[in-house]
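Here is a brief report on one protein model. It moves from one helix to a helix pair, then to single residues and the overall fold.

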Amino acid sequence: MGAVKTKRMPRAVREQQMLDAAVRTFGQRGYMAASMDEIAELAGVSKPLVYLYLNSKEDLFTACIRREAKALTEAVRAGARPGLPADRQLWSGLTAFFTHTARHPDGWAVLHLQARTHGEVFAAEVAAMRAEIVAFVTQLILTAAREAHRDPDLPEREVSGLAEALVGAAESLADWANATPGVTARQAAATLMNFAWAGLGDLMAGRHWSPPDDGDGGDDGDGGEGDRDGGDASEDATGGTGAPAAHAGRTSPVR
């Protein structure tokens, strides 16, 4: 029998076919264990054709990272619909993020696990994607904070750490959701909203948690004055009803 002839198709289509096979292989087997032979076979092409199109295993992996990073950032931006209140924008953006990572678990594994652990060049590609998402989330939170505080000049540094923390939590939660059967994108997004937005909502209202002045949670170190204030603080913490305090420490303006 003669060799099976590959069907002619446009180069761009063939290249995407190769990238699909590469993302699946890299995501499931890891960068080091993946072979060009395996990728070529999965794509239904010859190994020389893979090299002709994408030069090397390193270049192929870089192309996979860039494609998956672009798709993820576009999904998040499209999901966070402008014009909605800040919490609704965050909710829709997070839902889009978890929906995308659930639908493309191999692509997420390439971005969040493989690329970060196999060299500075690959890690830098992912860092650029992450920086774009963090900047997007920062602006979303900053806009809401400026509106809440009626301060158009509220510095970006006031919320940049919150954006970093939120993106980091979303990344870890995506790993958990993909590894836990039955967890939907909406459930993952709701988990993070319930964890994060209560705190963010307080910040939008000008309140934040602050630790006690001393390390053991005792009085403020001002002697009798602290004792006299203690009764009022206790009543404020429970709202006069004996209910658990909303904050473990004290509340004060965000600025």
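Which residues of helix H2 (residues 36-43) are buried? In this predicted model, they are Met-36, Ile-39, Ala-40 and Ala-43. These residues cover an arc of only 100° around the axis, which puts them on the same side of H2. An α-helix has 3.6 residues a turn, so residues three or four places apart point the same way. The buried residues of H2 have three packing partners: helix H1 (11-29), helix H3 (47-54) and helix H4 (57-79). After H2 comes Gly-44, with a positive phi near 75°.

**A second positive phi**

Asn-55 also has a positive phi, about 70°, although it is not a glycine. Most residues other than glycine have a negative phi. Where is Asn-55 found? Its place is the loop between H3 and H4. The residue is exposed, with a relative accessible area of 53%. That value is over the 50% cut-off for exposed residues.

**The H6 and H8 pair**

Two packed helices are described by the angle between their axes and the distance between the axes. For helix H6 (residues 105-114) and helix H8 (residues 157-179), the angle is about 140° and the axes are 11 Å apart. Angles over 145 degrees would count as roughly antiparallel. H6 and H8 are therefore oblique to each other. Their crossing is left-handed.

Which residues make the contact? From H6 come Pro-105, Trp-108 and His-112. H8 supplies Glu-171, Ala-174, Asp-175 and Asn-178. By class, the contact of H6 with H8 has three nonpolar, two polar and two charged residues.

**Three buried residues in helices**

Tyr-53 is found in helix H3, Thr-62 in helix H4 and Met-129 in helix H7 (residues 120-149). Each entry below leaves aside neighbours up to four places away in sequence.

| Residue | Relative accessibility | Contacts |
|---|---|---|
| Tyr-53 | 15% | Arg-11, Arg-14, Glu-15, Met-18 |
| Thr-62 | 12% | Phe-122, Glu-125 |
| Met-129 | 6% | Ala-69, Leu-72, Thr-73, Leu-111 |

Why does Tyr-53 count as buried? Its relative accessible area is 15%, and buried means under 20%. Thr-62 counts as buried at 12%, and Met-129 at 6%.

Two of these residues come with a C-alpha distance to a contact partner. Tyr-53 and Arg-11 are 42 residues apart in sequence, yet their C-alpha atoms are 8.4 Å apart in space. Met-129 and Leu-72 are 57 residues apart along the chain, with 8.7 Å between their C-alpha atoms.

**The whole chain**

How many helices and strands does the protein have? There are ten helices and two strands. Read along the sequence, the pattern is α-α-α-α-α-α-α-α-α-β-α-β. The protein has 255 residues, of which 38% count as buried. Contacts also reach across the sequence. Among those between residues at least 6 apart in sequence, 68% join residues at least 24 apart. The contact of Tyr-53 with Arg-11 spans 42 residues. The contact of Met-129 with Leu-72 spans 57.

Definitions and conventions
Residues are numbered from 1 along each chain as its sequence is written. This is a predicted model: local features need pLDDT of at least 70, side-chain atom pairs count only at pLDDT 80 or more; totals for chains, interfaces and linings use all residues. Side-chain values use heavy atoms; hydrogens and water are left out. Buried means under 20% relative accessible area, exposed over 50%, partly exposed in between (1.4 Å probe, protein chains only). Helices (H or I, at least four residues) and strands (E, at least two) are DSSP runs, numbered from the N terminus. The arc is that of the directions from the helix axis to the C-beta atoms. Contact means heavy atoms within 4.5 Å. Axes are lines fitted to C-alpha atoms, for helices over the stretch in contact, and angles run from 0 to 180 degrees between N-to-C directions. Angles under 35 degrees count as roughly parallel, over 145 as roughly antiparallel, 65 to 115 as roughly perpendicular and the rest as oblique. A crossing is left-handed if the near helix is turned anticlockwise from the far one by less than a right angle, and right-handed if clockwise. Ala, Val, Leu, Ile, Met, Phe, Trp, Tyr, Cys and Pro count as nonpolar, Asp, Glu, Lys and Arg as charged, and the others, Gly among them, as polar.
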